[in-house]
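Student: Please take me through one part of this model closely: the salt bridges, and the setting in which they lie. Begin with the chain that forms one side of the interface, and end with the enclosed space.

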Amino acid sequence: MARMKFLCDAERCIECNACVTACKNEHEVPWGINRRRVVTIDDGIPGEKSISVACMHCSDAPCAAVCPVDCFYTTDDGVVLHDKDICIGCGYCFYACPFGAPQYPQEGAFGARGKMDKCTFCAGGPEEDNSAIEVEKYGRNRLAEGKLPLCAEMCSTKALLAGDGDIVADLFRSRVVRRGGRPDNWGWETAYKD
Amino acid sequence: MKLLSLMFAALLLSACYEDTDVTLHEAGVYKGSDDKHAMSADERADVLKQRFNQVQTDR
Amino acid sequence: MKLIKRDPAAIISRTSGINRRTFLRGSGIAAGGAAFMSLLPTAMIEKADAAEGGQPAYDEGEISRVHSVCSHCSVGCGVVAEVQNGVWIGQEPSFEHPFNLGSHCAKGASLREHGHGDKRLKYPMKKVNGEWQRMSWEDAIEEIGQKMLDIREAAGPDSVYWLGSAKFSNEQAYLFRKFAALWGSNNVDHQARICHSTTVAGVANTWGYGAMTNSYNDIHNSKAIFIIGANPAEAHPVSLQHIFRGKERGAPVIVVDPRFTRTAAHADQFIRIRSGSDIPFIWGMLWHIFQNGWEDKSFIEQRVYGMDDIRAEVANWTPDKVEDISGAKEADVYQAAKTMSEHRPGTVIWCMGITQHTVGNSNTRALCILQLALGNMGVSGGGTNIFRGHDNVQGATDFGVVSNSLPGYYGLAEEAWQHWARVWDVDLDWIKNRFDQRTYEEIDGKKISPMYTNGITVSRWIDGVLEDKANIDQNDAIKAMVLWGHAPNSQTRGPEMKAAMEKLEMLVIVDPYPTVSAVMNDRTDGVYLLPATTQFETHGSLTSSNRSVQWRHKIIEPLFESLPDHTIMYKFANKFGFENELCKNIQVTGEEPTIEDIAREYNRGMWAVGYTGQTPERLKLQIENLHTFNKTTLRAEGGPCDGEFYGLPWPCWGTAEMKHPGTHIMYDTSVPVAEGGGAFRARFGVEHNGENLLAENSWSADSEIEDGYPEVSAEMIKELGWWDDLTASEKAEADGKNWKTDLSGGIQRVAIKHGLSPAGNAKARAIVWQFPDPVPIHREPLYTNRRDLVEKYPTYEDRRSFYRLPTRYGSIQAQDFSKDFPLIMTSGRLVEYEGGGDETRSNPWLAELQQDMFIEINPADANNAGIKNGEQVWVDGPEGGSIKVMAMVTERVERGVVFMPFHFGGHYQGESLRDKYPDGTAPHVLGESCNVVFTYGYDSVTAMQETKVSLCRVRAA
């Protein structure tokens with residue numbers, strides 16, 4: 001059985017934000033909600049690396065584990081989704097998530113936290129596939145159309161990969177082998193210092 | 001008078017309607033809507049593998 | 001997650017008769033079909049019928065997939081748009097497209113927002129008593145046109161400046177240049193002037209054409225990648241895909257820049273240099289190359305003229321001098337030189353860091369010379385891969401939207417006018433009468449009319465307004481300015497621009513968005529906004545940086561009352577009375593000239609650049625067969641386009657019947673010309689100072705002349721005995737002409753048949769004797785803080801007349817600003833925005849990512865000025881401008897250097913101009929324009945502005 005995963009190749013990520021914008025475009029994500037964002041470490045100095053982060057669709061999802069109303073479920077291909085009708089917007093999944101994937105819209109005069117929203121691996125949610133209501137609540141369902149998440153499909157350098165974990169790993173492995181011997185690989189400088 | 005107060009009491013009590021159609025929470029059990037898919041997971045895996053190779057590889 | 005324009009009736013409700021199970025049972029049968037259909041090539045119509053269940057059911061109607069090309073940068077990424085009921089509902093990756101393979105950057109991924117049109121200009125407007133008023137197109141054209149005719153009457157045609165755009169399609173660009181010529185002025189220009197004009201001048205004068213010689217995809221084959229003065233990770237993100245492919249095959253990446261850019265973060269070697277010291281650095285590399293004998297001697301002997309003079313100059317640039325002047329250490333320069341020499345073929349990439357200087361033309365030539373010395377030209381993996389800017393700046397340049405040439409780089413001499421008058425089928429004398437009949441300039445003692453003199457450049461238009469008219473080489477100052485698809489905040493000297501805008505009699509802005517032009521001045525009247533469409537609401541071709549021509553299909557109808565640029569041009573031509581001359585052989589439907597007819601017209605005339613073979617039919621066929629093109633060689637393997645290069649990159653010689661495949665790698669003599677090979681152009685004569693300028697012992701494969709030869713003319717063909725190879729009709733037309741002026745194409749056809757390149761087979765020249773500096777030499781920037789170097793490396797002398805205006809050099813450099821303005825100031829790009837920025841800052845998806853204008857400042861300088869990260873600071877420039885921006889304290893810039901992006905606008909010297917925008921059009925994000933503090937300084941050959949080095953001071957707000 002395929003298990004869907006993301007992998008962002010930090011050697012190729014150039015912080016172009018195509019993934020962030022593709023997601024916004026495809027799902028009409030409003031201002032303030034960041035389903036995906038790019039994180040840069042050591043900005044501006046040698047060793048600068050960027051990586052694109054969204055929901056990692058954990059096999060043992062902490063968000064699902066802590067949800068007081070159990071609104072999460074995992075699909076057959078390993079995508080972690082939730083039902084916005086059941087969600088009470090408590091924010092506990094945000095506490096639990098190591099990646100900060102859950103996002104909340106600001107609603108109302110008192111800035112009350114609304115229903116949680118997060119990356120769906122472009123797999124929509126518990127509504128009829130590709131119905132208007134699914135699009136409105138969860139965004140487009142690309143998996144039902146036989147396509148992969150748009151963030152990965154539009155990544156400018158093919159740094160962000162999304163698909164079956166095994167296939168993604170194969171591709172990444174072949175890249176590592178092709179790059180082999182270059183100082184890009186972590187630890188190389190330590191092992192072979194001049 | 002008694003009839004009036006009885007009717008008034010009944011009126012007040014009408015607010016005590018309770019909808020029995022409530023979702024009871026059971027720990028660890030998902031009670032949300034079903035998410036059915038047209039393709040089975042295996043079919044989808046094949047389609048998506050092909051898609052991955054077409055779109056995300058260096059060609 | 002609401003999608004716009006949803007039809008509520010289409011929402012399938014839970015209580016309707018259809019339940020999910022029955023719906024999905026139906027769709028299960030066609031599920032495989034749905035997935036399969038989504039993998040088919042583009043431009044397919046798919047039915048979205050709920051009963052079939054094969055398509056998304058969230059709305060009714062067919063979903064069509066339309067193929068276009070991104071309208072942002074010159075990579076030319078393919079775009080697939082999903083359109084339903086005339087609404088642009090989605091974007092899909094164009095994964096078969098050879099340039100991007102489906103990828104985009106943030107801007108490409110956000111294109112659909114153009115179809116939302118939240119902040120677009122909706123209808124023509126004019127400013128009346130300080131308020132924006134709506135008007136109709138008829139009234140607008142009438143009022144503006146009449147005012148222009150009045151100005152023409154009173155002051156002459158040169159007093160209206162037609163500033164065009166790099167965002168025109170090829171057909172629009174060509175029509176615009178023709179329009180300006182028929183109006184009667186050479187005061188026409190576009191963004192290339194302030195972007196790569198020095199590249200075109202420097203590179204074309206070295207070996208014939210001034211464009212990218214290989215391609216982005218060809219970088220897969222590079223053994224070394226040298227990037228100087230460029231930040232493609234932010235300016236051309238998808239090009240990094242190709243650079244990484246090359247890098248992952250083992251090519252070392254060297255980045256040279258004053259700033260540790262995002263590109264530098266992926267480099268194997270990063271060398272920091274002082275802004276404006278590019279020539280010392282490059283000569284420093286060549287010093288090591290010559291010293292160690294690493295140059296390609298046979299290549300130089302066969303195909304390069306003048307390298308000895310370069311050797312003499314380079315001998316001066318010893319490592320200690322290079323370190324003193326550029327800051328680059330000997331070991332680093334040596335390493336870079338060694339890497340380039342040991343990893344051949346290597347490619348050299350540059351952008352604004354090299355071009356935007358007073359010595360830009362010398363900088364570009366120095367890099368050409370570097371590649372010539374290494375023998376890296378005309379080979380796959382080598383070349384000078386110049387990354388152009390806007391999506392069609394290459395096309396707009398090729399089609400002559402410049403003040404110093406007609407389309408096709410023919411220039412402005414009598415022969416050029418004769419040629420184009422023939423192609424346009426317009427009487428040359430009639431055109432001559434359209435121009436100002438007086439004379440102002442002299443060449444060789446003879447007075448010539450403004451028809452033959454270079455017009456004012458976009459970088460200097462403000463001087464064309466503000467300068468005393470006695471000093472301008474035309475009748476009067478500029479009275480009316482048309483900013484057509486061009487932002488103002490990408491040019492320097494903001495406060496003076498404000499003054500110029502206020503002095504004009506009329507300011508006309510033609511753009512999908514209001515641009516900063518609408519708000520940066522304090523005019524209360526005489527400003528017009530005309531809504532143009534984006535390139536997604538029309539169709540036509542564009543030329544990406546690698547000279548490939550791509551066809552765009554129309555995605556949606558024009559939004560609101562916007563009109564395509566060519567329709568607006570026609571409307572003006574109508575008002576001015578020359579619409580028949582403009583569209584003599586172009587069919588006009590209503591008021592819209594037919595794009596395909598315009599293409600066919602330039603196919604009949606663009607012989608000198610090789611835009612004759614790219615007909616609409618051939619281009620459209622390629623778009624339908626993207627999957628057949630090899631992604632590294634760009635050659636179609638099988639399919640209807642078999643053998644053609646993607647985009648038929650110019651020069652695509654001869655008529656379409658000849659089926660030339662286009663030229664992927666320029667100047668490649670190992671391939672026959674008929675299959676895309678070529679040689680350095682014999683553009684500069686046959687000999688100079690007694691030395692042979694033609695190639696020696698080098699010729700194209702299958703060439704019947706095994707030696708160098710000049711440009712091919714009818715005479716030459718007769719002498720060679722091939723005249724009878726021409727058909728009778730070709731002979732009739734070609735007699736007495738040459739490869740550039742023969743409208744039949746016979747000369748080119750026969751030349752190529754015999755293996756000759758129509759442009760000749762010559763040496764590239766390392767010395768350009770017509771330039772102010774024949775051998776590139778270092779000159780300090782106008783605003784420099786190395787006062788000790790000014791005496792030895794001074795800038796040029798002031799000029800009385802340059803592109804019609806007095807231009808200062810030495811008189812500015814003579815003043816010492818370095819005490820009061822100690823920091824070197826440089827500017828550049830951000831990945832989320834583009835150009836002047838109104839278009840991209842109006843896109844909420846992009847605007848959210850960069851919400852504040854900022855200045856990058858080193859921690860040491862920040863501490864000296866008492867500034868903390870995130871605080872507001874004032875940046876003061878030496879010419880009087882001041883802006884208030886946020887400080888970003890970072891080590892990207894070294895001590896003494898600050899950096900600002902130029903995409904912001906809408907604040908002026910601390911004040912927000914949001915209220916001055918017409919209702920609903922103010923971009924989400926506003927900021928100060930850095931060009932308010934950038935300063936005077938113009939390239940000595942093209943008048944390019946010096947935006948990469950100036951001085952400033954920063955103080956806490």
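**Salt bridges and their setting**

Tutor: Of the 194 residues in chain A, 61% are buried. The model is a predicted one. Chain A has seven helices and eight strands. Of the contacts in chain A between residues at least 6 apart in sequence, 53% are between residues at least 24 apart.

Chain A meets chain C through 59 of its residues, which contact 61 residues of chain C. The two chains bury about 5,100 Å² between them, and 52% of that area is on carbon and sulfur atoms. There are 12 salt bridges across this interface. In one of them, A:Arg140 pairs with C:Glu82 at 2.8 Å, N to O.

Over all chains the structure holds 83 salt bridges. Three within chain C are worked through here, starting with two that involve helix α4. C:Lys126 and C:Glu143 form a salt bridge with their closest N and O atoms 2.9 Å apart. C:Lys126 is in strand β5 (residues 125–128) of chain C and C:Glu143 in helix α4 of chain C, so distant parts of the chain are linked, 17 residues apart. Relative accessibility is 18% for C:Lys126, which therefore counts as buried. C:Glu143 has a relative accessible area of 29% and is partly exposed.

The other α4 pair is C:Lys571 with C:Glu138, whose closest N and O atoms are 3.9 Å apart. Because C:Lys571 belongs to helix α21 (residues 565–576) and C:Glu138 to helix α4, both of chain C, the pair ties together parts that are 433 residues apart in sequence. Here C:Lys571 counts as buried at 8% relative accessibility, whereas C:Glu138 counts as exposed at 53%.

Just beyond α4 comes C:Gly156, in the loop between α4 (137–155) and β7 (160–163) of chain C. C:Gly156 has 5% relative accessibility, so it counts as buried. Apart from neighbours within four places in sequence, C:Gly156 is in contact with C:Ile151 and C:Asn475.

The third pair is C:Asp463 and C:Arg493, whose side chains meet at 2.8 Å, N to O. C:Asp463 lies in helix α19 (residues 461–466) of chain C and C:Arg493 in the loop between β17 (480–484) and α20 (494–503), so this salt bridge ties together parts that are 30 residues apart in sequence. Both C:Asp463 and C:Arg493 are buried. Elsewhere, salt bridges with shared partners form one network of A:Glu26, A:Arg140, A:Arg142, A:Glu145, A:Lys147, A:Glu153, B:Arg51, C:Glu82 and C:Glu92.

Helix α17 (residues 414–424) of chain C has buried residues that include C:Trp417, C:Trp420 and C:Trp424. Among the elements that cover the buried residues of α17(C) are α5 (170–183), α18 (428–434) and α23 (595–603) of chain C. Just after α17(C), C:Asp425 has a positive phi of about 65 degrees.

That leaves the enclosed space. The count of cavities of 30 Å³ or more is 18. The largest cavity holds about 620 Å³ of space. Its lining has 41 residues, and the closest to its centre are C:Lys167, C:Gln191, C:His390, C:Gly835 and C:Gly836. At least two lining residues come from each of β18 (506–511), β29 (823–828) and α30 (838–841) of chain C. By type, the lining of the largest cavity divides into 12 nonpolar, 21 polar and eight charged residues.

Methods:
Residues numbered from 1 in each chain as written. Chains lettered and ligands numbered in written order. Predicted model: local features only at pLDDT ≥ 70, side-chain atom pairs only at ≥ 80, totals over all residues. Heavy atoms only, no water. 1 Å grid on protein atoms, 1.4 Å probe; cavity = no way out; pocket = protein on both sides within 12 Å on 5 of 7 lines; lining within 4 Å. Points joined across faces, edges and corners; volume = space filled by probe spheres on them. Helix = DSSP H or I, 4+ residues; strand = E, 2+ residues; numbered from the N terminus. Nonpolar A, V, L, I, M, F, W, Y, C, P; charged D, E, K, R; others polar. Buried < 20%, exposed > 50% of the residue type's maximum accessible area, 1.4 Å probe, protein only. Contact = heavy atoms within 4.5 Å. Buried area = accessible area lost by both parts, 1.4 Å probe. Salt bridge = Lys/Arg side-chain N within 4 Å of Asp/Glu carboxyl O.
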